[in-house]
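Dear colleague,

I am handing over the structure below, together with some notes on what was found in it. Please keep it open beside you as you read on.

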Amino acid sequence: MIDSSALPNPTTYAIPAFILLILVEMLVARVKDRSRFEARDTLTSLGLGLGSTVAGLLTAGVIIGMAQWAYQYRLFDIGFVWWAWPLCFLLDDLAYYAFHRSAHRVRWFWAAHVIHHSSQHYNLTTALRQTWTGFISFTFLFRLPLFFIGFPVEMVLFVGGLNLIYQFWIHTEAIGRMPRWFEAVMNTPSHHRVHHATNPQYLDSNYAGVFIIWDRMFGTFVPESDDEKIHYGIVKNLGSFNIIWAAFHEWVGIAKDVWHAPTLGAKWNYMVKPPGWSHDNSRDTSETIKARWRELQTAHQQAAKGENAETWTVMTSSSSEEVPPGAPSPVV
């Protein structure tokens, strides 16, 4: 059996650097733009990060066991040769892209991932908002092909930790754009701000973990524009700083939708269709939101030529759940 403790968890050693960078960003924000941080939002992010760590510790044994099971049926004995490390890192990042794209397009996966998008602020503490329910949503399945190929369990877990560390620094508004060559290949704060945006033109884009090349290859890349302010969060923001609600609200929404769905097909679709899908088309998905936005752009162009333009309606929620009674107003 493989000794999964043979390699350290790199994220553990990165924690002091995370804390230091958060403090530096806070100091920069105090000078440049204090609205980048909100005390309750920051505390919520820290609490969600702590809960995610606990959830990870509770489920780590089962996940490692599944990885070791898959590794028994490997196609190749790759081992720890030098060239396997960069190849494993590259393929693990591709697996992350597949997971991340699915996490925005399949509501069951989204229910676990939405916690990461629930802040209306964008700073390094946002990176700490990680899922409590990744095990329930089976997100670990996306890495299983790497074990079947023959990459050792320790290697995959280690490079996965490096991937997570890389993604920490891109959650900031303190950095504008990196050099053009870097922006062309790597994921950056600019690219990831787009991913966290709720502006219609940015929805469901830039899923990369480390390498933005995947988005460029698979048609999901959208560059950041300087012409419009980015708004962060989810289509219908929580209106609450309650960490329990942030962690489980979409699961509650799924349960209610499945319970009230009129047919078995609708019950299934409420779990596997994109967020916002409804059997009666009463809600908006990202596709309908973007389609209306494009219609609005066309209408504006027509208006500029002297033709009539129609007003774009307000977006509706991608979740069935309403804001809890007494919840504070969202911080914008």
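In this predicted model, F151 is a good residue to begin with: leaving out residues up to four places away in sequence, F151 touches Y71, I78, A84, L87, C88, L91, L146 and V156. F151 belongs to the largest nonpolar core, which holds 24 residues, and within that core F151 and F147 are the residues that touch the most other members. Four helices, namely α2 (39-71), α3 (84-105), α5 (144-149) and α6 (153-168), each supply at least two residues of this core, and among the contributors α6 gives the most, with five residues. Apart from this core lies another one, of nine residues, among them W110, I234, W245 and A247.

Two of the helices that supply the larger core, α3 and α6, also pack against each other, at an angle of about 60° and with their axes 9 Å apart; their crossing is right-handed. On the side of α3 the contact is made by A84, W85, C88, F89, D92, D93 and Y96, while α6 brings M155, V156, F158, V159, G160, L162, N163 and Q167 to it. Sorted by class, the residues of this contact are ten nonpolar, three polar and two charged. You will notice that A84, C88 and V156, which take part in this helix contact, are also among the residues that F151 touches.

Two loop residues deserve a look as well. S137 lies in the loop between α4 (107-113) and α5. Is S137 buried or exposed? Its relative accessibility is 0%, and S137 therefore counts as buried, since the cut-off for that word is under 20%. If its neighbours within four places in sequence are left aside, the residues in contact with S137 are W108, F109, A112 and W251.

The other residue is E38, which sits in the loop between α1 (10-32) and α2. E38 has a relative accessibility of 15%, and because this too is under 20%, E38 counts as buried. What does the side chain of E38 lie beside? A polar atom of that side chain is 2.8 Å from the backbone nitrogen of R40, and the backbone nitrogen of D41 likewise lies 2.8 Å from a polar atom of the E38 side chain.

With best wishes

Conventions:
Residues are numbered from 1 along each chain as its sequence is written. This is a predicted model: local features need pLDDT of at least 70, side-chain atom pairs count only at pLDDT 80 or more; totals for chains, interfaces and linings use all residues. Side-chain values use heavy atoms; hydrogens and water are left out. A nonpolar core is a set of buried Ala, Val, Leu, Ile, Met, Phe, Trp, Tyr and Cys residues joined through side-chain atoms within 4.5 Å. Buried means under 20% relative accessible area, exposed over 50%, partly exposed in between (1.4 Å probe, protein chains only). Contact means heavy atoms within 4.5 Å. Axes are lines fitted to C-alpha atoms, for helices over the stretch in contact, and angles run from 0 to 180 degrees between N-to-C directions. A crossing is left-handed if the near helix is turned anticlockwise from the far one by less than a right angle, and right-handed if clockwise. Ala, Val, Leu, Ile, Met, Phe, Trp, Tyr, Cys and Pro count as nonpolar, Asp, Glu, Lys and Arg as charged, and the others, Gly among them, as polar. A polar contact is a pair of N or O atoms within 3.5 Å; within protein, one must be able to donate a hydrogen and the other to accept it, and residues adjacent in sequence count only if both atoms are side-chain atoms.
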